[in-house]
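Trainee: I am new to this one and would love a guided tour. Please put the sequence and the structure up first, and I will ask as we go.

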Amino acid sequence: MIRCLVVDDEPLALNILEDYISKIPFLQLVKATTNPIEALTMVQDGGIDLVFLDVQMPELTGIQFLRIANGKAKVILTTAYPQYALEGYELDVVDYLLKPIAFDRFFKSVQKAQGVIQPAAKPAAPAEPVAQDDFMSDFIFVKTEHKIQKVYLHDILFIEGLKDYVSIFTPAERIITLQGMKKMEDALPPKHFIRVHKSYIVSINKIDSIERSRIFIADKIIPVGDTYRDEFFKIVDGKNI
């Protein structure tokens, strides 16, 4: 079991997260509180694996909480303010949930946390079936030169890694962000994205054709690396008719 603590100055937000946690078999709610000082003491005393942490709180902000806690528990930030995403990731949060939080997005986030906290554990099946794939509405935030930009997953054609940054290609633009390929790969749903080369991640839905070890997406030809070939063609074979 992953022992959880919920910290939010809004009682309604606490109630929603308490309900969500009760539906996940591998989560155990230790406490839900509006008092960040009490929560910080509990984290520092040990016994808490995962904190669902609001950012905007009067006594102690979520960012201040993170700095003081210093990694003693994994944290998922919950907030209505996307501008804190970059700072949260720099402090090594597991995920960043924007309110209002849908259950399917919450479940995806706690699966990610489970992989970090219990890397050998198999992901549990959801307590309630997700009604639909949220791919069309899901998105990520990436830091560009002057801003944090929202990128919808369904717009991504492919991603190219170049040293310490990546380029995200969409039909409308190329977005450059300081990011590693591994972290980008982990942030994308494997149902829709696959790494095919040390320098490329492609959207499976956007593949136009495949010729030997080359993938054609729009006007780009992407090579399939030897390391990734078997896994890629296993997915392709599964779609053959």
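Trainee: Not counting residues up to four places away in sequence, which residues does glutamate 185 touch?
Mentor: Before we look, this is a predicted model, where local features need pLDDT (the predictor's confidence in each residue, from 0 to 100) of at least 70, side-chain atom pairs count only at pLDDT 80 or more, and totals for chains, interfaces and linings use all residues. Residues are numbered from 1 along each chain as its sequence is written, and side-chain values use heavy atoms, with hydrogens and water left out. Glutamate 185 sits in helix H6 (residues 181–187); helices (H or I, at least four residues) and strands (E, at least two) are DSSP runs, numbered from the N terminus. Counting a contact as heavy atoms within 4.5 Å, and setting aside residues up to four places away in sequence, glutamate 185 touches Arg195 and Ile201.

Trainee: How far apart are the C-alpha atoms of glutamate 185 and isoleucine 201?
Mentor: These two residues are 16 apart along the chain. In space, their C-alpha atoms are separated by 7.3 Å.

Trainee: Is glutamate 185 buried, partly exposed or exposed?
Mentor: Buried means under 20% relative accessible area, exposed means over 50%, and partly exposed lies in between (1.4 Å probe, protein chains only). Glutamate 185 has 28% relative accessibility, so it counts as partly exposed.

Trainee: What is the mean pLDDT, and where does pLDDT fall below 50?
Mentor: The chain has a mean pLDDT of 86, with 89% of its residues at 70 or more. One stretch has seven contacts in the model beyond near neighbours in sequence, and its pLDDT is below 50: residues 127–132.

Trainee: How many helices and strands does the chain have?
Mentor: The chain has 241 residues, and 43% of them count as buried. Its secondary structure comes to seven helices and 15 strands.

Trainee: How wide an arc do the buried residues of H5 cover?
Mentor: H5 (residues 103–117) has 15 residues and reaches 21 Å from its first C-alpha to its last, close to the 21 Å expected at 1.5 Å a residue; the expected span is 1.5 Å times one less than the number of residues. Its buried residues are Phe103, Phe106, Phe107, Ser109, Val110, Ala113 and Gln114. The arc is that of the directions from the helix axis to the C-beta atoms. These residues are on the same side of H5 because they cover an arc of only 160 degrees.

Trainee: Which residues do ring pairs link into a cluster?
Mentor: Rings of Phe, Tyr and Trp (its six-membered ring) pair if their centres lie within 6.5 Å; planes under 30 degrees apart count as stacked, over 60 as edge-to-face and the rest as tilted. There are 10 aromatic pairs in the structure. Ring pairs make a cluster of Tyr20, Phe52, Phe103, Phe106 and Phe107.

Trainee: Which elements do the buried residues of H1 pack against?
Mentor: In H1, the buried residues are Ala13, Leu14, Leu17, Tyr20 and Ile21. They cover an arc of only 130 degrees around the axis, which puts them on the same side of H1. On the other side of H1, Pro11, Leu12 and Ser22 are exposed. The buried residues pack against S1, S2, S3, S4 and H5.

Trainee: Against which elements do the buried residues of H2 pack?
Mentor: Helix H2 (residues 36–45) has Pro36, Ala39, Leu40 and Val43 as its buried residues. Seen down the axis of H2, they fall within an arc of 100 degrees, so they line one face of the helix. Their packing partners are S1, S2, S3 and helix H3 (62–69).

Trainee: Which residues does a cis peptide bond join?
Mentor: Most residues other than glycine have a negative phi, and most peptide bonds are trans. Here, one cis bond has an omega of about -5 degrees, and its proline lies in the loop between S5 and H5. The bond joins lysine 99 and proline 100.

Trainee: What is the phi of asparagine 70?
Mentor: Asparagine 70 is in the loop between H3 and S4. With a relative accessible area of 64%, asparagine 70 is exposed. Its phi is positive in a residue other than glycine, near 55 degrees.
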